[in-house]
Amino acid sequence: MPGLPNAVRIRQRLAGTREPTDPLDVDVAALSRRLPDEQVRALLPNLRPAGVLIPLIDRNGTLSVLLTERSAHLKHHAGQVSFPGGGMESRDTSITATALRETHEEVGIRPTAIDVAGYLNPTPTVTGFAVTPVVGFVVGEPEVIVDRAEVARAFEVPLDFLMDEGNEVQTEEEHGGILFRITTFHYDGHRIWGATAGIIKTFREKIL
């Protein structure tokens, strides 16, 4: 497939991006296209800032993305596939610090082993988070050690697979009595959907 991204291209595409000054500054228009107006009005005042890392790993010249399957007992997104990350805490100096701290806690990769390349805009979720995706290259060979309290397992997906629109499946999901049309990826027995699939699509649009 021509035009697939490499590390140089990704850095070039993200070079002009900056960490959001307000991690709650989400795209309201995009949210309104997905939800009824009354649900948008109820959701916006209660959004909580969160940061996730899109961890890119170089495997002999081929990039892969590290994803996690969340533990089944968690309050939010239990059992779903997600990027390492979570809600911002008072000790976090920035939303980047949030993403890197959560990555260290969940999969054992230290902040010093992440070379941040850029950012995507904060995106709202129906569960009440404003999620800022931080794109970072993992330096060297990562030793992934999952926190079983939060993560059932971690796995890698080739970036080329996620960048190929032909690997998308359009499905419908119900949330709060509302039927949503969503994008889903199926890879090696894993179902990647929801906010994670949405972030992948936004990332693809940004770098391709």
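## The lining of the largest cavity

The lining of the largest cavity consists of 9 nonpolar residues, with no polar and no charged residues. These residues are Ile54, Val65, Phe83, Leu159, Leu162, Met163, Ile199, Ile200 and Phe203. Two helices, H5 (159-163) and H6 (194-207), each contribute at least two residues to this lining.

The structure is a predicted model. Rolling a probe the size of a water molecule over the atoms shows where empty space is left. In this model, the count comes to 1 cavity of 30 Å³ or more. The space within the largest cavity is about 40 Å³.

## The chain as a whole

The chain has 208 residues, of which 46% are buried. Its secondary structure comprises 6 helices and 11 strands.

Contacts in the chain can also be described by separation in sequence. Among those between residues at least 6 apart in sequence, 64% join residues at least 24 apart.

## The contact of helices H1 and H6

Helix H6, which supplies residues to the cavity lining, also meets helix H1. Two packed helices are described by the angle between their axes and the distance between the axes. For H1 (residues 7-14) and H6, the axes come within 9 Å and cross at roughly 90°. Angles of 65 to 115 degrees count as roughly perpendicular, and H1 is therefore roughly perpendicular to H6.

On the H1 side, the contact is made by Arg9, Ile10, Arg13 and Leu14, while H6 contributes Phe203, Lys206 and Ile207. By class, the residues of this contact divide into 4 nonpolar, no polar and 3 charged. Phe203 thus appears in two settings: the H1 contact and the lining of the largest cavity.

## The surroundings of Val135

Val135 belongs to strand E7, which covers residues 129-138. Is this residue buried or exposed? Val135 counts as buried because its relative accessibility is 0%, and the cut-off for a buried residue is under 20%.

Leaving aside residues up to four places away in sequence, Val135 touches Leu14, Leu53, Ile54, Leu56, Asp115, Val116, Ala117, Gly118 and Phe203. Among these neighbours, Ile54 and Phe203 also line the largest cavity, and Leu14 and Phe203 take part in the contact of H1 with H6.

Ile10, another residue of that helix contact, can be compared with Val135 by position. The two residues are 125 apart in sequence, and their C-alpha atoms are 9.3 Å apart in space.

Technical notes: Residues numbered from 1 in each chain as written. Predicted model: local features only at pLDDT ≥ 70, side-chain atom pairs only at ≥ 80, totals over all residues. Heavy atoms only, no water. 1 Å grid on protein atoms, 1.4 Å probe; cavity = no way out; pocket = protein on both sides within 12 Å on 5 of 7 lines; lining within 4 Å. Points joined across faces, edges and corners; volume = space filled by probe spheres on them. Helix = DSSP H or I, 4+ residues; strand = E, 2+ residues; numbered from the N terminus. Nonpolar A, V, L, I, M, F, W, Y, C, P; charged D, E, K, R; others polar. Buried < 20%, exposed > 50% of the residue type's maximum accessible area, 1.4 Å probe, protein only. Contact = heavy atoms within 4.5 Å. Axes fitted to C-alpha atoms, helices over the stretch in contact; angles between N-to-C directions. Parallel < 35°, antiparallel > 145°, perpendicular 65-115°, else oblique.
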